Amino acid sequence: AEGWKTIMKHGDTLFIPSGHWHYIKYLTPSFSLTLRSLPKSTKKRLSFLKSLILHRPFDNLMRRAQGQKWVDYKNNVAKKRSNSTLDNE
């Protein structure tokens, strides 16, 4: 895996292709907008629906239940996974 680190400024846009893992850390209070399109392949559509039906509601529930603790947990898991991937190269 190869990673990139960047600091975006007001008005910058970042395109992340479907299925690409990413981690975002906000340095200041920020606003982000995600635009998605319906995938063309059946496999990707099923993955999209799984995320929409299962993962998103669970994440929303955990954010309400645990607040920042849940966000911190997810950030730590993301860091561990990326470090593990980089260590295995």
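**Entry 1: Y26 and its surroundings**

I looked up Y26 in this predicted model and found a relative accessibility of 44%, so I recorded Y26 as partly exposed. The residue sits in the segment before α1. I then checked the spacing between Y26 and M8, which are 18 residues apart along the chain, and read 9.7 Å between their C-alpha atoms.

I noted next that Y26 takes part in a nonpolar surface patch of about 440 Å², together with M8, L14, I16 and I24. I followed one further member of this patch, I24, and placed I24 in the segment before α1. For I24 the relative accessible area is 44%, which I entered as partly exposed.

**Entry 2: The chain as a whole**

I counted the secondary structure elements and found two helices and zero strands. I took the extent of the C-alpha trace along the principal axes and wrote down about 35 × 35 × 35 Å. The radius of gyration of the chain is 15 Å, whereas a compact globule of 89 residues would have one near 12 Å.

I also asked what share of the 89 residues counts as buried. The figure I obtained is 6%. The exposed area of the chain comes to about 8900 Å², and I recorded that carbon and sulfur atoms supply 57% of this area.

**Entry 3: Aromatic pairs**

I searched the whole structure for aromatic pairs and found two. For F58 and W70, I read 5.8 Å between the ring centres and 85° between the planes; since planes over 60 degrees apart count as edge-to-face, I entered the pair under that heading. This pair links distant parts of the chain, with F58 in helix α1 (residues 42-66) and W70 in helix α2 (residues 68-87), twelve residues apart.

Which of the two burial classes, buried or partly exposed, applies to F58? I recorded F58 as partly exposed, because its relative accessibility is 45%. W70, in contrast, is buried, and I noted a relative accessible area of 11% for it. I added that F58, W70 and Y73 form one aromatic cluster.

**Entry 4: M62**

I turned to M62 and located it in helix α1. Its relative accessible area is 16%, and as this is under 20%, I entered M62 as buried. I then asked which residues M62 is in contact with, leaving aside its neighbours within four places in sequence. I found G67 and W70. The second of these I had already entered as buried, at 11%, and as a partner of F58 in the edge-to-face pair.

**Entry 5: Salt bridges**

I looked for salt bridges and counted two. In one of them the side chains of R63 and D59 meet, at 3.0 Å from N to O. Both residues belong to helix α1; I noted that they are four residues apart and therefore separated by about one helical turn.

I checked the accessibility of each partner. R63 is partly exposed, with a relative accessible area of 40%. D59 counts as buried, at 15% relative accessibility.

In the other bridge, the side chains of D59 and K74 meet at 2.7 Å, N to O. I noted that this pair links distant parts of the chain, as D59 lies in helix α1 and K74 in helix α2, 15 residues apart. For K74 I read 30% relative accessibility, which I entered as partly exposed.

How are D59, R63 and K74 linked? I recorded them as joined in a network of salt bridges.

**Entry 6: Links between the helices**

To close, I brought together the pairs I had found between helix α1 and helix α2. I listed the aromatic pair of F58 in helix α1 with W70 in helix α2, and the salt bridge of D59 with K74, which likewise links helix α1 to helix α2. Beside them I set the contact of M62 with W70, with M62 in helix α1 and W70 in helix α2.

Note on methods:
Residues are numbered from 1 along each chain as its sequence is written. This is a predicted model: local features need pLDDT of at least 70, side-chain atom pairs count only at pLDDT 80 or more; totals for chains, interfaces and linings use all residues. Side-chain values use heavy atoms; hydrogens and water are left out. Rings of Phe, Tyr and Trp (its six-membered ring) pair if their centres lie within 6.5 Å; planes under 30 degrees apart count as stacked, over 60 as edge-to-face and the rest as tilted. Buried means under 20% relative accessible area, exposed over 50%, partly exposed in between (1.4 Å probe, protein chains only). Patches are made of residues with over 30% relative accessible area and no salt bridge: like charges are joined within 9 Å, nonpolar side chains (Val, Leu, Ile, Met, Phe, Trp, Tyr) within 5 Å. Accessible areas come from the Shrake-Rupley method with a 1.4 Å probe; for residues, only the protein chains shown count as cover. A salt bridge is a side-chain nitrogen of Lys or Arg within 4 Å of a carboxyl oxygen of Asp or Glu. The radius of gyration is taken over C-alpha atoms; the globule rule is 2.2 Å times the number of residues to the power 0.38. Contact means heavy atoms within 4.5 Å.
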